[in-house]
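Reader: Could you walk me through this fold with a few questions and answers?

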Amino acid sequence: MNPERTARLPGPDLSGRTVVVTGGTRGVGAGIARAFAAAGAHVVVCARRPPDLPLDGTEFRPVDLRDPDAVRAFFTGLPRLDVLVNNAGGAPYRPLAEADAERHARVIDLNLVAPLTASLAAHDLLRLARGSIVMIGSVSGSRPSPGTAAYGAAKAGLESLARSMAMEWAPEIRVNTLVVGMVRTERSGLHYGGEEGIAAVSRNVPLGRLADPRDVGEAAVFLASDAAAYITGAALLVHGGGERPPFLDAATVNRHQGEPWAANKES
């Protein structure tokens, strides 16, 4: 791996602040938790199950985020809270007609209702600290998501929720969204296939690679820090430039316009 991508540049100092990362035990959530710990924060990760490998500098609390009573009890037990990162979510690949509405609704519960429940439960603590909320959204919320339609709908709703929440809770609490693109995690093979599939998908991203969980983590730290003190109700794209439009490869004219990029992707 390129050392320039792994070396952490000097960034915000969050020493003395308490951060909760929901679903922060693996993948993107673990990357976010590590980034906040590296910034000096006291990081509490909550999920149904503990991480497979210890996350240095973090504390784990078991919480079922789909249980409103458990969520409220968890936040009531915290002495302080400066940042809430609503990261928990996800969905299996499931075409709409292959499941009933109740099963799709469970995806919406996890990806939209659970962040709302956590944010409401954390409101009073965040207000006291003049803290912030970072929603982990997805590009699936703004483009068609065949196979994950309920997930995309939930992520679209999450971004809308964050904008309204930012307006209602200002100026005491800032609320922003990270709109995340494709990320390479331990479960990438389920979405893109093996190394060959991941490489092929990466060539479709302008920056030539999938995001690393750390990329998302560093962006979350920025939005939660004083460096973003005047940013609220915003959606920050973390997607490497998006995805190359398929029509550029399908068209039979103006092919030269895409060639320099294609050449760079192969190098």
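Reader: Which residues does leucine 178 touch, leaving out those up to four places away in sequence?

Author: Happy to help! This is a predicted model, where local features need pLDDT of at least 70, side-chain atom pairs count only at pLDDT 80 or more, and totals for chains, interfaces and linings use all residues. Residues are numbered from 1 along each chain as its sequence is written, and side-chain values use heavy atoms, without hydrogens and water. With contact meaning heavy atoms within 4.5 Å, leucine 178 touches Val134, Met135, Ile136, Gly137, Ser138, Val216, Ala219, Ala220, Leu223, Leu236 and Val238.

Reader: In what order do the strands of the open sheet run?

Author: Strands here are DSSP runs (E, at least two residues; helices are H or I, at least four), numbered from the N terminus. Two strands pair if DSSP finds at least two bridges between them, and β2 and β3 pair in the parallel sense over five. The sheet has seven strands with parallel pairing, in the order β3-β2-β1-β4-β5-β6-β7.

Reader: Which strands are at the edges?

Author: Look for strands that pair on one side only. Those are β3 (58-62) and β7 (235-238).

Reader: Is serine 119 buried or exposed?

Author: Serine 119 is found in helix α4 (residues 101-129), and a polar atom of its side chain lies 2.8 Å from the backbone oxygen of proline 115. Buried means under 20% relative accessible area, exposed over 50%, and partly exposed in between (1.4 Å probe, protein chains only). Because its relative accessibility is 0%, serine 119 counts as buried.

Note on methods. A polar contact is a pair of N or O atoms within 3.5 Å; within protein, one must be able to donate a hydrogen and the other to accept it, and residues adjacent in sequence count only if both atoms are side-chain atoms.
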